[in-house]
Amino acid sequence: MERNRTETQFPAVGDGSGFAHTDSFYKEELQLALRNRGMPLEGLRYPITPAGMHYLLIHYDIPEVNPGAWRLKIAGRVSRPLALALDEIRKRPARTLAVTLECAGNGRALFAPRRISQPWFLEAVGTAEWTGTPLCALLEEAGLGREVAEIVFTGLDQGIEGSEVQYYQRSLSLSEAMREEVLLAYAMNGEPLPPQHGFPLRLLVPGWYGMTSVKWLDRIEAVAEPFQGFQMLRTYRYARSADDLGEPVTLIRVRALMIPPGIPDFLTRARVLEAGPVTLAGRAWAGRLGVSRVEVSVNAGVTWSDAELAEPVSAHAWRGWSFRWNASPGRHTLCARATDSEGGVQPREEQWNFGGYGNNMVQQVDVIVE
Ligand SMILES: Nc1nc2c(c(=O)[nH]1)N[C@H]1C(S)=C(S)[C@@H](COP(=O)(O)O)O[C@H]1N2
Ligand SMILES: [Mo]
């Protein structure tokens with residue numbers, strides 16, 4: 001498609017407000033949820049999430065790529081534009097990093113009202129070992145102009161959002177793009193990237209919410225002005241309303257999640273466990289910061305006790321926590337909350353915003369002890 005706007009009106013979902021006010025989900029939300037799976041929370045057991053269990057978020061379609069013909073273009077305000085084949089990228093210095101990735105919309109479906117979009121509860125997270133070559137060295141080789149302010153990353157996947165026909169595009173400031181941990185990744189958990197995770201090459205920006213890590217890279221451009229594309233200005237903002245620009249969504253906020261204890265009721269997923277000692281466990285992460293503390297409450301947040309912390313899986317990944325609980329018969333609401341290394345703590349109440357981003361309020365797990 002040559003045009004970049006469409007006049008086509010697509011049918012409204014729900015009452016047309018863009019929000020849902022009940023616990024009933026629309027078929028459009030189910031359709032997105034089936035395409036973009038989450039990590040079952042028992043997957044928190046694994047320090048490195050098996051690739052088939054890692055969450056997925058794909059705005060449009062997974063693009064078809066012919067790896068032989070594919071080239072990564074590095075262009076814009078550079079003195080030596082590059083077009084690199086996958087083999088050439090794989091021959092460059094490689095780094096493998098364990099990185100916890102979380103979608104900025106994780107927790108969106110828990111907001112009231114909820115934005116009609118990808119309806120995550122808490123499962124849009126995972127940690128993989130990504131192998132790739134550092135972006136900074138490639139940019140240096142291309143020779144950045146002194147006027148360069150940002151680097152723009154464009155994917156091969158095309159779709160329509162807000163009437164704009166677009167390729168998925170995000171930018172980073174030059175200083176963020178030049179950080180040593182930013183990778184152009186071609187492998188996940190030691191295997192070539194699966195199509196759904198960005199084959200043949202994706203950006204990986206540790207510490208940032210997932211939208212920054214552009215998949216199916218087509219080109220990287222150095223620009224002199226802040227990039228004002230749809231995915232920068234019209235979405236991924238902490239805004240109060242459609243007219244409010246708000247602040248950009250950037251780094252991952254502190255969060256702890258719990259492996260649901262006991263056994264589930266098939267349909268409702270309600271948890272049932274036996275009275276007596278039980279180890280509650282999970283993982284916690286804080287984007288670029290470390291996690292300094294995890295606390296557990298077994299009485300819906302009335303009182304809190306410190307959990308034990310395991311070493312982080314890597315400098316860019318989650319760390320395990322565990323807590324011994326002597327479960328007494330009855331109904332209990334379990335909570336875990338993390339504090340980051342700067343003292344930031346997860347809120348108990350939702351911090352509502354228009355797009356449904358960054359909802360790191362404390363998780364509650366209802367259990368029935370028999
Ligand atoms: N090209 C492209 N890159 C993309 C996306 C996309 O739709 N297209 N989704 C982004 C979002 S919102 C997230 S959360 C992460 C998800 O990465 P994963 O599917 O590998 O977990 O990819 C990001 N990169
Ligand atoms: Mo996302």
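**Exercise 1. Find which domains supply the lining of the second largest pocket, and describe that lining.**

Solution. Start with the domains: domain 1 (19–248) and domain 2 (255–369) each provide at least three residues of the lining of the second largest pocket. Keep in mind as you work that this is a predicted model.

Next, look at the space itself, which has a volume of about 870 Å³. Its lining counts 27 residues, and Pro 260, Thr 268, Arg 269, Arg 271 and Gln 364 are the ones nearest the centre.

Now turn to the strands. Strand E23 (330–340) and strand E24 (363–369) each give at least two lining residues. E24 has the largest share, with 6 residues.

Finally, sort the lining by residue type: 15 are nonpolar, 5 polar and 7 charged.

**Exercise 2. Work out where the largest pocket lies with respect to the two domains.**

Solution. First, gather the basics. The largest pocket has a volume of about 1800 Å³, and 50 residues line it. Nearest its centre you will find Arg 115, Ile 116, Ser 117, Glu 161 and Gly 162.

Second, ask which elements give two or more residues to this lining. They are helix H1 (27–35), strand E7 (150–161) and helix H5 (230–233). H1 gives the most, with 5 residues.

Third, check the residue types: the lining of the largest pocket has 22 nonpolar, 18 polar and 10 charged residues.

Last, draw the conclusion. Because domain 1 (19–248) and domain 2 (255–369) both contribute to the lining, the largest pocket lies between them.

**Exercise 3. Trace the open sheet of 5 strands and pick out its edges.**

Solution. Follow the strands in the order E3-E2-E12-E7-E8; the sheet is open and its pairing is mixed. The edges are strand E3 (82–84) and strand E8 (164–173), each of which pairs on one side only. From one strand to the next, the twist averages 25°.

Now zoom in on one pair. Strand E2 (residues 72–76) and strand E12 (residues 217–223) run parallel and are joined by 4 bridges. Within this pair, Gly 76 stands opposite Ala 222 in E12.

**Exercise 4. Decide whether Glu 7 is buried or exposed.**

Solution. Begin by placing the residue: Glu 7 sits in the segment before strand E1 (19–20). Then compare its relative accessible area, 65%, with the cut-off for exposed, which is over 50%. Glu 7 is therefore exposed.

As a last step, try a distance. Glu 7 and Tyr 46 are 39 residues apart along the chain, and their C-alpha atoms are separated by 47 Å.

Notes. Residues are numbered from 1 along each chain as its sequence is written. Chains are lettered from A and ligands numbered from 1 in the order in which they are written. This is a predicted model: local features need pLDDT of at least 70, side-chain atom pairs count only at pLDDT 80 or more; totals for chains, interfaces and linings use all residues. Side-chain values use heavy atoms; hydrogens and water are left out. Two strands pair if DSSP finds at least two bridges between them. Axes are lines fitted to C-alpha atoms, for helices over the stretch in contact, and angles run from 0 to 180 degrees between N-to-C directions. Buried means under 20% relative accessible area, exposed over 50%, partly exposed in between (1.4 Å probe, protein chains only). On a 1 Å grid over the protein atoms alone, a cavity is a set of points where a 1.4 Å probe fits but cannot get out, and a pocket is an open set with protein on both sides within 12 Å along at least five of seven lines; lining residues have an atom within 4 Å of a point. Grid points are joined across faces, edges and corners, and a volume is the space filled by probe spheres set on the points. Ala, Val, Leu, Ile, Met, Phe, Trp, Tyr, Cys and Pro count as nonpolar, Asp, Glu, Lys and Arg as charged, and the others, Gly among them, as polar. Domain bounds come from an automatic or database domain assignment.
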